[in-house]
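Subject: Structure for your review

Dear colleague,

Please find below the structure that I am handing over to you, together with its sequence. My findings follow it.

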Amino acid sequence: MSVIQPPQRPLQQFFRSGPMPCPYLPGRVERKLFTRLIGPFATEVNSTLSRAGFRRSHDIVYRPVCPNCQACVPVRVPVAEFVPTRSQRRVLKLNEGVTLAERPAYATSEQYRLFALYQNSRHGDSDMARMAMGDFAAMVDEGRADTNLLEARDERGQLVGCMLTDRLSDGYSAVYSFYDAAQDRRSLGTFMILGLIERARLAGMPYVYLGYWIAHSRKMAYKAKFHPLECLGEDGWRPAKIAPDIDGSIRDGE
């Protein structure tokens with residue numbers, strides 16, 4: 001009687017990128033440690049590396065290994081301990097008529113139109129602002145690892161926000177989000193993160209991973225609004241000592 005052996009997980013190959021200008025801190029150099037996210041073990045690899053502070057983009061999972069700089073701090077929200085702030089409760093109130101629905105990770109022209117408007121409004125000088133529909137579809141389709149799209153629609157059914165998410169073994173990862181930047185008052189980026197935290201809570205998942213927080217980077221400041229927050233350091237994941245803005249206001253980031 002023969003026994004069929006389970007497939008063996010191949011060795012994961014890692015690479016280091018060449019030096020590039022840092023997109024967040026002027027005058028600094030960025031380098032990344034990265035690997036490809038492919039094959040039947042993609043979801044498992046993504047979960048393991050996310051716990052180790054890596055971040056996914058397309059089919060690449062990376063972590064900064066910048067010379068003489070440790071400004072990028074991996075952060076996550078411990079779902080069971082999270083309590084919305086007063087300003088976050090106002091965001092929920094402002095968006096009472098907005099519905100959130102999880103969709104398969106397939107790019108649509110409707111999503112791309114919103115993405116293009118968002119990039120032109122918020123990041124007009126970036127490479128992402130020059131992405132065509134095919135580039136956008138690649139961002140959504142490549143490197144899937146239990147990946148979905150969280151769509152936000154207003155009272156008229158209009159798409160006003162979208163978040164690409166990965167389901168990990170211990171929670172969700174907010175990979176990338178975009179929204180109707182003309183509706184700043186509604187703080188749709190914050191609203192979608194709050195929705196993802198609630199989804200994790202209902203699913204019994206302990207964490208929502210928000211990627212990297214960088215001190216003195218306005219683009220990353222919104223992550224400090226989610227309390228409590230944990231950060232990854234030399235001693236593992238620990239409560240973050242990151243203070244929100246004094247006024248407690250919320251400004252959506254990327």
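In this predicted model, eight strands make up an open sheet of mixed pairing, and their order is β8-β9-β10-β11-β12-β7-β13-β14. The edges are formed by β8 (99–104) and β14 (236–239), each of which pairs on one side only. On average, neighbouring strands of the sheet are turned by 35° against each other, direction ignored. As general background, the strands of a sheet pair through backbone hydrogen bonds, in either a parallel or an antiparallel sense.

At the β8 edge, six bridges connect β8 with strand β9 (residues 147–153), and the pairing is antiparallel. Within this pair, proline 104 has asparagine 148 of β9 as its bridge partner.

A helix also lies across part of the sheet. Helix α1 (residues 42–51) crosses β10 (159–168), β12 (207–213), β13 (230–233) and β14, and runs at about 95° to β10.

The loop between β9 and β10 contains aspartate 154. Is this residue buried or exposed? Aspartate 154 has a relative accessibility of 7%, and because the cut-off for a buried residue is under 20%, aspartate 154 counts as buried. A polar atom of the aspartate 154 side chain lies 3.0 Å from the backbone nitrogen of arginine 156. Leaving aside residues up to four places away in sequence, aspartate 154 touches Gly97, Val98, Val160 and Arg186.

Helix α5 (residues 188–202) may be of interest as a check on geometry. How far apart should the ends of a helix of 15 residues be at 1.5 Å a residue? The expected span is 21 Å, and the end C-alpha atoms of α5 are 21 Å apart, so the two values agree. As for its surroundings, eleven of the 15 residues of α5 are buried, and the helix is therefore largely enclosed by the rest of the structure. Among the buried residues of α5 are Leu188, Phe191, Met192, Ile193, Leu194, Leu196 and Ile197, as well as Gly189, Gly195 and Ala200. After α5 comes glycine 204, which has a positive phi near 70°.

Some further strand pairings deserve a mention. Strand β4 (residues 32–36) and strand β6 (residues 60–64) run antiparallel and are joined by five bridges; here arginine 63 in β6 is the bridge partner of leucine 33. β6 also pairs with strand β5 (residues 55–57), in the antiparallel sense and over three bridges. In that pair, arginine 56 stands opposite valine 61 of β6. Two residues separate β5 from β6 in the hairpin that they form, and histidine 58 in the turn has a positive phi of about 55°.

For the chain as a whole, there are five helices and 14 strands. Of its 254 residues, 48% count as buried. Among contacts between residues at least 6 apart in sequence, 67% join residues at least 24 apart.

Finally, a word on confidence. The average pLDDT of the chain is 88, and 89% of the residues score at least 70. Over residues 245–254, however, the pLDDT is below 50, although this stretch has 33 contacts in the model beyond near neighbours in sequence. Predicted coordinates should not be read in detail where pLDDT is low.

Yours sincerely,

Terms used:
Residues numbered from 1 in each chain as written. Predicted model: local features only at pLDDT ≥ 70, side-chain atom pairs only at ≥ 80, totals over all residues. Heavy atoms only, no water. pLDDT = per-residue confidence, 0-100. Contact = heavy atoms within 4.5 Å. Pairing = 2+ DSSP bridges. Helix = DSSP H or I, 4+ residues; strand = E, 2+ residues; numbered from the N terminus. Axes fitted to C-alpha atoms, helices over the stretch in contact; angles between N-to-C directions. Expected span 1.5 Å × (residues − 1). Buried < 20%, exposed > 50% of the residue type's maximum accessible area, 1.4 Å probe, protein only. Polar contact = N/O pair within 3.5 Å; in protein donor to acceptor, adjacent residues only side chain to side chain.
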